[in-house]
Amino acid sequence: ISNVIPKTVFSVDEFSGSRRFELAVSVTVCPGEFSRSRLITLFPRYQIVNLLNTELLVAQDGCLNAFVAMGPRSSSPYHWKNNALPPKVRLGSACSGISLDDIMWTNGCIQLDKVGITSLRLPKQEQK
């Protein structure tokens, strides 16, 4: 999981819901004859990168029923499902043929707004 640390980060809460979108903004001066112009780029603050050879599930802690399923060797922006909960995610592994109640999540969480290294052991799911 990548935490982009830009100069400016801002949050946008969903108007009639509970989701929160954390975005980053980058402003650069355009080159050459456009040097009086500024290029404004918006991008998600959090980007999930799954380098595993298996599917990875990512969910906000406290909101495990609203997870993002990441395919093997893929990436996706991540936004919060519930803006009232702390910015922590839990990881899970999945295999075909299991129900949502049978997903095994990590015991620990990753707090995305803190810089550092977190080691978690992914539980192995037995196929039924």
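Me: Why does Thr-106 count as buried?
Reply: In this predicted model, Thr-106 has 1% relative accessibility, and buried means under 20% relative accessible area (exposed is over 50%, partly exposed in between; 1.4 Å probe, protein chains only), so Thr-106 counts as buried.

Me: Where is Thr-106 found?
Reply: Thr-106 is in the loop between strand S10 (104-105) and strand S11 (110-111); strands are DSSP runs of E with at least two residues, numbered from the N terminus.

Me: Which residues is Thr-106 in contact with, leaving aside neighbours within four places in sequence?
Reply: Arg-90, Leu-91, Leu-120, Arg-121, Leu-122 and Pro-123, where contact means heavy atoms within 4.5 Å.

Me: What makes the approach of the Thr-106 side chain to Gly-108 a polar contact?
Reply: The side chain reaches the backbone oxygen of Gly-108 at 2.9 Å, and a polar contact is a pair of N or O atoms within 3.5 Å, one able to donate a hydrogen and the other to accept it.

Me: How do you know that S2 and S3 pair?
Reply: Pairing takes at least two DSSP bridges between two strands; six bridges join S2 to strand S3 (residues 20-29), and the two run antiparallel. Val-12 stands opposite Phe-21 in S3.

Me: Why are strand S2 (8-13) and strand S4 (38-44) called edge strands?
Reply: The open sheet of three strands has the order S2-S3-S4, with antiparallel pairing. Each of S2 and S4 pairs on one side only.

Me: On what basis are these values given?
Reply: Residues are numbered from 1 along each chain as its sequence is written, and side-chain values use heavy atoms, without hydrogens and water. Local features need pLDDT of at least 70, side-chain atom pairs count only at pLDDT 80 or more, and totals for chains, interfaces and linings use all residues.

How values were computed. Helices (H or I, at least four residues) and strands (E, at least two) are DSSP runs, numbered from the N terminus.
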